[in-house]
Every structure is written in C-alpha cells, then in structure tokens.
Amino acid sequence: MPAADPQRPVELRLRDALDAAAVGVPRGALSGSVERLIERYRAGGAAAAPILTSPTDVLAYAAYRMPATLAACRSMLRHGAFRLPPIESVVDLGGGTGAAAWAALSEWPEARVTVLDQVGDALALGRKLLAGEAADVEFASWRVGAAVPAADLVTVSYVLSELTPDAQRSLVAAAAGAARRAVAIVEPGTPTGYRRILAARTALLDAGWRIVAPCPHQHPCPLREPDWCHFSARVERSSLHRQLKGGDLGHEDEKFSYVVAVPGDSVDGAVADGGGAEARILRHPVKRKGLVELQLCRPDGSAGRQVVTKRQGASYKQARDVRWGDAWRL
Ligand SMILES: C[S@@+](CC[C@H](N)C(=O)[O-])C[C@H]1O[C@@H](n2cnc3c(N)ncnc32)[C@H](O)[C@@H]1O
C-alpha cells in the first residue's frame, strides 16, 4: 500500500484505507453483514461467541462503524488528553480493526500501539488498514481474562456491551492494572452505554483513580434518569458508507459516553479536575439573540443551567464558540 499523506486529515486517511480494502468485494455481501450486525448490536446483551464471524463481517463492521468509533475516540482523547503527560505506549483492548489505535496515533503519532482482540480476521484487517501509516503498531490475539501488557494508556472502545457484567468488571480492572498513566473507556451514548461507563467510573474511583474527563469532579454523577451523560461527534459519510448503510444524509452524529482516568497519586491526577475552575458542557449550547444557555456539570458535583448574556463581554464571546462536550472555564 502506498504511504498515506500525513497532512491529510486522519478521517480521510482512514476512508482511503477502507475504500482500498473494499475494492472488488461484492457490495451485496457487505450490506448483508451490515444488516445482521446492526440488528445484533441493537439487540444488545453479552455475546457468548464472537459477533464478527468472517472476513466479510469484519470489513462490513470496519466500513460502517470505524469512522464513527474513530470520531468518538478522537473526541474522548481530545477532551481528556490535554491533561495527560506525553503518551509513549498504548494498549487497545478489544481493539478489533483498530479505531482507537488510529485515534491515539492522531494524538501521539510517535506512540507504540498494541491492538488486542479475539477475532483474527479483525486484527488482520486492522493491520492492513494501517499499513500505509508511518506508525508503530502491533496486532495480537487476546481474550478478556488473559494478561494485559503494561502501557502508558489503555483504551477500551465499544467492548463492554459485548461482555457479561462480571467480564466488564474484570476488563476494567485489567485495564487499570496495566495502565501506567491513563485509562480511556468509551461506549455507545445510550442510557445503557452510560450505565456501563458509570459502573466503570465507580470501579476506577474505588480503586483510587482520578477522573480527568468528562467529569470535572470526583463526586457521584449528578444526572438523574431520564437524563444521561453523553456526547456527540459529527461523522462525514463516504460513498461506501452510504452504499452499505443507506440514507442520503452526508453526515451522521455518533453519540458516545466515556470516561478518562489517571492514577490518583500521579502528578497528572493533581490537576485532573481543572483545579476546580472548569465545568463540562453537557448539551448543545442554545444560542439566542444576546444570550447563550449552557447546561453544565460543575466542579462541586452539581449539574444545571447557566445563562451567559452579552453584558458578560469576554465570557459571552467564548460561549458563542463552545460546543457540546467542551470544558467551560468558570
Ligand atoms: C464492537 S467491536 C469494537 C471494536 C473496536 N474497539 C472499535 O471501537 O471499533 C467489539 C470488539 O470487542 C472484541 N471482544 C468482545 N469480547 C471479547 C473478548 N471476550 N475477548 C477479546 N475481545 C473481545 C470483539 O472481538 C470486537 O472486536
């Protein structure tokens, strides 16, 4: 595969790699797999056996999901990463075709990345997709419960939903056990995905970890049903994506819930919550003439509305530019 142009945005480089991998593969077979996978993931529930069962499934998954999981992982790392020290090594658990690896490399291009998964075909495609990138990545066979090699950052992207609650707990503990500097876990931004993230967050706090993002505090989550903490990442759809998933829109919005944590005794942990000076924006800011309404999660562990008016000058200017998921300086 020719070397990818590093100046080209990572989303487009992934798109090129997916298009190249799909050349000559009958669209009917891929669409059949996409339909089956959408149904399976919608049904939810732990999987007794791997859900991706063939090279076609794996390519279908990569083509219709990877751009979205890359976007979610990139947002998560961008929100959390500015508090992290330089990351030199990453282990991605249940990494499949490598979406989190692409995201980590876009943040830390020099990092050594290891993608671990139970599905050999997913690892093989992941390797092929990254072949044109100047990146130090290894793909290896692994199952939840097996030892996890140590790394600065351990990522777990869209994996918990496939596991029993016991296996989820064991995976989060294994991720924390192997991570030297940070753990980053992301799930679909549904109420059930959020609940899995909440359980992971509680387990990390109980184990002495400190939350870096999205929460600007270490208190219990202030959101109450039917509300839930989730964010959104815009994904531009390629023609391959449109062919496989149908629909005319040129983009879709990937909803995700996540947590990024650092060891409680690390220097990074000391500044993890923004020194109590930052809140997290929990919804699309509502912009009206002369005012912006923000929904915030605050450093004191509360959540609620803040209205910023034109009279507040610099704050108002800042409020006009912020987006759902950003930090808000108080
Ligand atoms: C929905 S895919 C997510 C893939 C990738 N992390 C991403 O974000 O696109 C879930 C992945 O978890 C892996 N997985 C699920 N259960 C596993 C287990 N028990 N051991 C290892 N990998 C597992 C699957 O093989 C699959 O690649």
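This section describes the ligand site, a buried glutamate and the unusual backbone geometry of a predicted model.

The ligand occupies the largest pocket of the structure. It is surrounded by 18 residues, of which Tyr61, Gly94, Asp117, Val144 and Ser157 are the closest. Polar atoms of the protein approach both oxygen and nitrogen atoms of the ligand. On the oxygen side, a polar side-chain atom of threonine 69 is placed 3.1 Å from an oxygen atom of the ligand. Backbone atoms serve the nitrogen contacts: a polar backbone atom of glycine 94 lies 2.8 Å from a nitrogen atom of the ligand, and a backbone N or O atom of valine 144 is found 2.9 Å from a nitrogen atom of the ligand. The ligand taken alone exposes 580 Å², and 96% of this area is buried by the protein. Glycine 94 and valine 144 thus appear both in these polar contacts and among the closest residues of the ligand surroundings.

Glutamate 133 belongs to the loop that connects helix H5 (120-129) with strand E3 (136-141). Its relative accessible area is 15%; because buried residues are those under 20%, glutamate 133 is classed as buried. When residues up to four places away in sequence are left out, the contacts of glutamate 133 are with Ala4, Arg13 and Trp102.

Backbone geometry was examined next. In the loop between strand E4 (151-157) and helix H6 (165-178) lies tyrosine 158. This residue has a positive phi of about 55°, although tyrosine 158 is not a glycine. With a relative accessible area of 11%, tyrosine 158 is also buried, since this value falls under the 20% limit. Ser157, one of the closest residues to the ligand, is the last residue of strand E4 (151-157), after which the loop holding tyrosine 158 follows.

Two cis peptide bonds involve prolines of another loop. The bond from alanine 213 to proline 214 is cis, and its omega is near 0°. Proline 214 is located in the loop between strand E6 (209-213) and strand E7 (231-236), and alanine 213 is the residue at which strand E6 (209-213) ends. The peptide bond that joins glutamate 225 and proline 226 is likewise cis, with an omega of about 10°. Proline 226 is found in the loop between E6 and E7, the loop that also contains proline 214.

Note on methods
Residues are numbered from 1 along each chain as its sequence is written. This is a predicted model: local features need pLDDT of at least 70, side-chain atom pairs count only at pLDDT 80 or more; totals for chains, interfaces and linings use all residues. Side-chain values use heavy atoms; hydrogens and water are left out. Helices (H or I, at least four residues) and strands (E, at least two) are DSSP runs, numbered from the N terminus. Buried means under 20% relative accessible area, exposed over 50%, partly exposed in between (1.4 Å probe, protein chains only). Contact means heavy atoms within 4.5 Å. A residue is near a molecule or strand if one of its heavy atoms lies within 4 Å of it. A polar contact is a pair of N or O atoms within 3.5 Å; within protein, one must be able to donate a hydrogen and the other to accept it, and residues adjacent in sequence count only if both atoms are side-chain atoms. Accessible areas come from the Shrake-Rupley method with a 1.4 Å probe; for residues, only the protein chains shown count as cover. On a 1 Å grid over the protein atoms alone, a cavity is a set of points where a 1.4 Å probe fits but cannot get out, and a pocket is an open set with protein on both sides within 12 Å along at least five of seven lines; lining residues have an atom within 4 Å of a point. A molecule sits in a cavity or pocket if more than half of its atoms lie within 2 Å of its grid points.
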